[in-house]
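Okay, thanks for coming, everyone. I'd like to spend a few minutes on how protein and DNA touch each other here, so let me put it on the screen.

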2 protein chains.
Amino acid sequence: MSGAQERPLRADAARNRARLLDVATQVFATRGVGVPTEEIARAAGVGVGTLFRHFPTKEALLEAVMMRRLETIAAQAAQLPAESAPAETFFDCFRLVVEQSAGKSEFAQALAAAGVDAHAALQESSAAIRARLAELLAGAQRAGAVRPELGLPELIALLVGTTTTMEHLGNDVSARERIFAVVFDGLRPR
Amino acid sequence: MSGAQERPLRADAARNRARLLDVATQVFATRGVGVPTEEIARAAGVGVGTLFRHFPTKEALLEAVMMRRLETIAAQAAQLPAESAPAETFFDCFRLVVEQSAGKSEFAQALAAAGVDAHAALQESSAAIRARLAELLAGAQRAGAVRPELGLPELIALLVGTTTTMEHLGNDVSARERIFAVVFDGLRPR
DNA sequence: CTAGAATCGGACTAGCGACTCCGGTTTCAA
DNA sequence: TTGAAACCGGAGTCGCTAGTCCGATTCTAG
């Protein structure tokens, strides 16, 4: 594909880049995708010029943030054991994705609106998650723990929807648990 | 509170106002809240000046559109019979809200971002829906058709989330039915 | 330590979108 | 029919934000 960056970044450049990513992740999650680029730069303690050198476009910054998130989720999902308890693992993974995706729907939406190739860059990362989900879904269905007529598209839509549901509940942990109970029981065969 | 408009609108003014509302509803639902105001005016066959005289702010236009939607939903929800079959009516109402709310989450989000008092104007309309939902929820719970530990906040969050789920499924009717099956079965006591 | 290459910072530009303003047009009461 | 109040239209204003440019400022190889 594409070569890695030949020359390692200068120390300060690397520091700034990392700082920008962290701050952007935080700010986007807190205040939405609409925040002016300049604020992110200021919060990271750099000028806008620096930001735009590292990420030539606001969309590129969003993409980088999303990428990191997806990779985190994919890594965590990969660690779940699939063999021993397929059903349990499936539900654990569902939980994982929902909990790690808090605030992500806005990102996806922003990226979708910004064009198709943005997705292309991310599909590489999200494909891993999708594959993992498909695998776990199949396992859970084979074990009779999830209704067999459900496909991957429905599962993903349900993940997104459940994330939205959780966002509307804020930090009420017991309410969140009740929602999980509803969704998980609904996924099981009657 | 506030008096109704004393003087009935002039014929052309009333026509334009109605047309703007219709077009805005359509365009917002189709292309999102980000559409330039001018496009809505053009699509309605009027100038921007006219639009802004009827709705002094883009937010006001959004609010008016939302209001009409909420009133429609409230009216339809009010017609459902509550006495005969509480459980069935509850699920019918759930369906109704989800199906009528397609694309609404974006509105709510936009309004929420625009300030608190926007909500105040709408709460009057949405209070009716909320009250109706609470009534039907209680009825269904009394009939043993919905798990008793669920409260109104969870129900509303679930409605919003299910709407999002449906939006991600597009027009795949059978997939939508499978989602309804999951959610409805999940709502029932184990 | 030093040269010079890489990086920084923030004033500046461009473009877009919400909203205003006012001369021209339409409605309607008498 | 007619006058004037209400309404229309769209060019223009204003503010905001993504993205550029270049002199000043580090970093690092030697």
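So, quick bit of vocabulary: when I say polar contact, I mean a pair of N or O atoms within 3.5 Å. And keep in mind that this is a predicted model.

Let's start with DNA strand D. Here a polar backbone atom of Lys58(A) sits 2.8 Å from a phosphate oxygen of the strand. Over on chain B, the side chain of Arg53(B) puts an N or O atom 2.8 Å from a phosphate oxygen. Arg10(B) goes for a base instead: an N or O atom in its side chain is 2.7 Å from a base nitrogen of DNA strand D. Which elements give two or more residues to this surface? That would be α1 and α3 of chain A, plus α1 and α3 of chain B. The most comes from α3(B), with 5 residues. By type, the surface near DNA strand D has 8 nonpolar, 8 polar and 7 charged residues.

Now DNA strand C. There are 23 residues around this one, and Arg10(A), Asn16(A), Gly49(A), Thr37(B) and Lys58(B) are the closest. Of the strand's atoms that come within 4 Å of the protein, 61% belong to sugar and phosphate. On the contact side, the side chains of Arg53(A) and Thr37(B) each have an N or O atom 2.8 Å from a phosphate oxygen of DNA strand C. For Thr50(A), the side-chain distance to a phosphate oxygen is 3.2 Å. And who supplies the largest share of this surface? It's α3(A), with 5 residues.

Definitions and conventions: Residues numbered from 1 in each chain as written. Chains lettered and ligands numbered in written order. Predicted model: local features only at pLDDT ≥ 70, side-chain atom pairs only at ≥ 80, totals over all residues. Heavy atoms only, no water. Polar contact = N/O pair within 3.5 Å; in protein donor to acceptor, adjacent residues only side chain to side chain. Helix = DSSP H or I, 4+ residues; strand = E, 2+ residues; numbered from the N terminus. Nonpolar A, V, L, I, M, F, W, Y, C, P; charged D, E, K, R; others polar. Near = heavy atom within 4 Å.
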